[in-house]
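Me: Could you take a close look at one part of this model for me? I'd like to hear about a helix and what surrounds it.

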Amino acid sequence: MTIDKSKIRNAATVIVIRDRHTAPRILMGQRGATAAFMPNKFVFPGGAVDLGDAQVPLASMVDETCQSRLAEDADGSLAHALVVAAIRELWEETGLILGQKGAWEGTPPADWLTFAQRGYLPHAAPLQFVFRALTPPGRPRRFDARFFLVDAEDIATDLDNFDDACDELSHLQWVALSDARKFDMPFITEVVLAEVEARARQLDPPASVPFFKNNDEESLFLRLRGRPMPS
């Protein structure tokens, strides 16, 4: 199937935070120089939702607060696919597993085979939905991206072993939160960083979620807070 590159695609991004109560660090990597979207920029692991993500089984789902925010100004049925995409992209781009021990029913999809062979099912409960951003018009790729924060203690595998990562991100590293802005990163990543800094030592999911909504008519900075969005 041919993907329409100009169409807005749902996407999920994961911010893994480590040592959050002492000296917070976050996991980042650099996109390739030939990438059509944000070449050379330092970013968090993430990518577009795939068609098959909605059918991937979960050991657990995000909590009710996060599910409620994910459903605002969106198709509520997307929540499952979004958290699956977040866990898949984290696995593919870093080799880190956010999973619980468990057996898959039937044959796992090809991009989950190695994950399943490690003996894990994707585990979404530790993910916190903290930010949403729609890529402005005129970019070569447009995404409706949901950003999820997860504590490194919830990762099931060695935090410093990236051997299973694909080559989409290079220079994977734990970056001190206080030093992150020294890296060449997209504007929206800087905005999300401010939210992460504010939440670094908060363990509960946010009561409201910032939404940077760039559509063809206007750019709005809104908050998803459990009630209908302004028209």
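Reply: What follows is a walk along helix α1, with a short look at helix α4 afterwards. Keep in mind that this is a predicted model.

Let's begin where α1 begins. At its start, Asp-63 points a side-chain oxygen at the backbone nitrogen of Thr-65, coming to within 3.3 Å. The helix itself covers residues 64-71, and Arg-69 is found in it.

Now for Arg-69. Is Arg-69 buried or exposed? Its relative accessibility is 11%, and since buried means under 20%, Arg-69 counts as buried. Its side chain also has a partner: there is a polar contact with the side chain of Ser-68, at 3.3 Å.

Arg-69 has company, too. Cys-66, Arg-69 and Leu-70 are the buried residues of α1. They cover an arc of only 100 degrees around the axis, so they sit on the same side of α1. Past the end of the helix comes Asp-73, with a positive phi near 50 degrees.

You can read α4 in a similar way. In α4, Ile-188, Thr-189, Val-192, Leu-193, Glu-195, Val-196 and Arg-199 are buried. Their arc around the axis is only 165 degrees, which puts them on the same side of α4. The length of α4 works out as well: helix α4 has 13 residues (187-199), so at 1.5 Å a residue it should span 18 Å, and its end C-alpha atoms are 19 Å apart, which agrees.

Technical notes
Residues numbered from 1 in each chain as written. Predicted model: local features only at pLDDT ≥ 70, side-chain atom pairs only at ≥ 80, totals over all residues. Heavy atoms only, no water. Helix = DSSP H or I, 4+ residues; strand = E, 2+ residues; numbered from the N terminus. Expected span 1.5 Å × (residues − 1). Buried < 20%, exposed > 50% of the residue type's maximum accessible area, 1.4 Å probe, protein only. Arc of directions from axis to C-beta. Polar contact = N/O pair within 3.5 Å; in protein donor to acceptor, adjacent residues only side chain to side chain.
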